[in-house]
Amino acid sequence: MAGDAISNGAHVFLNEPALTLDSKPGGYLITTPHYNVTAKKLVIAVPKVGFNKIGGNIAEAIKDQKQFKDLVGIPVATIAQRWPNEWWHNIGYAGKDIHRIWTTEHCFNFTEIPVAQYAAQQLVTRTVYTDKEECVEFWQRTAQLGIKAVEAEIDRGLHDVLPQATIPQPLNTVVKIWPAAWYWLRGGSQFTNADIAAWAIEPLPGKQVSLVGESYNPQRSGWSDGAYKSSINTLNAKYGMHIVIPATANIKPVANANPASVTSAHPTGR
Ligand SMILES: Cc1cc2nc3c(=O)[nH]c(=O)nc-3n(C[C@H](O)[C@H](O)[C@H](O)COP(=O)(O)OP(=O)(O)OC[C@H]3O[C@@H](n4cnc5c(N)ncnc54)[C@H](O)[C@@H]3O)c2cc1C
């Protein structure tokens, strides 16, 4: 995507965070550590947590809006581990090919073992994946005690769930705390998800400024789907495009279906 953008004349500056966004006669001024950039229109793709660090009258005017204040970032902890062997092939359930371990009994919560060959060959698992607030705090505090404490705690959790597995000492363990992995709309908000999506197209009425990204389109929260759709909304409304968002066909009701057997079609994996 970056390559396509550059070949169409875009410039990409990976190490130049926007520091301020201000209005100026005829447009806008963006400052970064090394540049002053002027623009006639602004499309801001910085999620709320990062946006809070940006100053200037345009940024402040957006931060003052109730819609912006009602967006809530959800913290997530992920811990990746590299192993000396594929210990998960023999964890006490002969004939079962297990690649997902899910529990609420221990704060590792969810373990993903790669299925795709290129990832599986690296012998890396995402051993911890949690968006439970108390568990994210737990891993944050455990990481402060050092990586050995993290490894010991994971080992304890995995052995509780897989008592027959032979789990070796990991070769590497990497803890990542995401302060806002994805965004929800605050409980009790006066706005709907659709209101937020419409607001983000022009948060400052009459100004050529749009907000795009998952944090400004909480419908289908947490998925890149929200980010794509938010961009499409702005491109269609402000940049003369006519991109149709594909939709799944309505599910036909099954005649005489037993209501008790109808389950939600919501995917839960990520
Ligand atoms: C652990 C985890 C697993 C996930 N798994 C999935 C999945 O399986 N499937 C899925 O669909 N989605 C998944 N998601 C969600 C997906 O990653 C997000 O929905 C998507 O990245 C949102 O895109 P975005 O463009 O809105 O924001 P981001 O991808 O967060 O991009 C925002 C960018 O803004 C930059 N930025 C911040 N501040 C500034 C500044 N001042 N100036 C300039 N730039 C700035 C950041 O560096 C970042 O590059 C996952 C998220 C997490 C955290």
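The following legends describe close-up views of a predicted model of a single chain with its ligand.

**Figure 1. Overall view of the predicted chain and its two domains**. The chain holds nine helices and 10 strands. Its C-alpha atoms fill a box of roughly 70 × 60 × 40 Å, taken along the principal axes. Of the 270 residues, 21% count as buried. Among contacts between residues at least 6 apart in sequence, 61% join residues at least 24 apart. Domain 1 is assigned to residues 2-70 + 200-238, and domain 2 to residues 74-182. The centres of domain 1 and domain 2, taken over C-alpha atoms, are separated by 35 Å.

**Figure 2. The shell of residues around the ligand**. The ligand is surrounded by 22 residues, and the closest of these are G50, A181, G213, S224 and A227. Sorted by class, the shell comprises 12 nonpolar, seven polar and three charged residues. At least two shell residues come from each of the elements β5 (71-82), β9 (172-185) and α9 (224-238). Helix α9 makes the most of these contributions, with four residues. Because domain 1 (2-70 + 200-238) and domain 2 (74-182) both give residues to the shell, the ligand lies between the two domains.

**Figure 3. The open sheet formed by β1, β2 and β3**. Three strands are arranged in the order β1-β2-β3, and their pairing is antiparallel. Strands β1 (20-24) and β3 (36-39) each have a single partner strand and stand at the edges, so one side of each is left without a neighbour in the sheet. On average, neighbouring strands of this sheet are turned by 25 degrees against each other, direction ignored. In general, the strands of a sheet pair through backbone hydrogen bonds, in either a parallel or an antiparallel manner.

**Figure 4. The hairpin of β1 and β2**. Five bridges join β1 and β2 in the antiparallel sense. Among the bridge partners, T20 is matched with T31 in β2, and K24 is matched with G27 in β2. Two residues lie between the strands of this hairpin. In the turn, G26 has a positive phi of about 80 degrees.

**Figure 5. The hairpin of β2 and β3**. Strand β2 (residues 27-31) pairs with β3 over four bridges, again in the antiparallel sense. Residue I30 has V37 of β3 as its bridge partner, and Y28 stands opposite A39 in β3. Four residues lie between β2 and β3 in this hairpin.

**Figure 6. The loop between β6 and β7, centred on N109**. N109 is located in the loop that runs between β6 (100-102) and β7 (110-112). Its phi is near 60 degrees, a positive value in a residue other than glycine. N109 is classed as buried because 20 other C-beta atoms lie within 10 Å, and a count of 20 or more is what the term buried requires.

**Figure 7. The loop between α5 and β8, centred on L123**. L123 is placed in the loop between α5 (117-120) and β8 (124-130). Although L123 is not a glycine, its phi is positive, at about 55 degrees. With 18 other C-beta atoms within 10 Å, L123 is classed as partly exposed.

**Figure 8. The surroundings of K229 in helix α9**. K229 belongs to α9, the helix that gives the most to the shell around the ligand. K229 is partly exposed, since 18 other C-beta atoms lie within 10 Å. When neighbours within four places in sequence are left aside, K229 is in contact with N217 and I245. The C-alpha atoms of K229 and I243 are separated by 9.9 Å, and these two residues are 14 residues apart along the chain.

Terms used. Residues numbered from 1 in each chain as written. Predicted model: local features only at pLDDT ≥ 70, side-chain atom pairs only at ≥ 80, totals over all residues. Pairing = 2+ DSSP bridges. Axes fitted to C-alpha atoms, helices over the stretch in contact; angles between N-to-C directions. Domains from an automatic or database assignment. Near = placed C-beta within 6 Å. Nonpolar A, V, L, I, M, F, W, Y, C, P; charged D, E, K, R; others polar. Buried ≥ 20, exposed ≤ 12 C-beta atoms within 10 Å, placed from the backbone. Contact = placed C-beta atoms within 7 Å.
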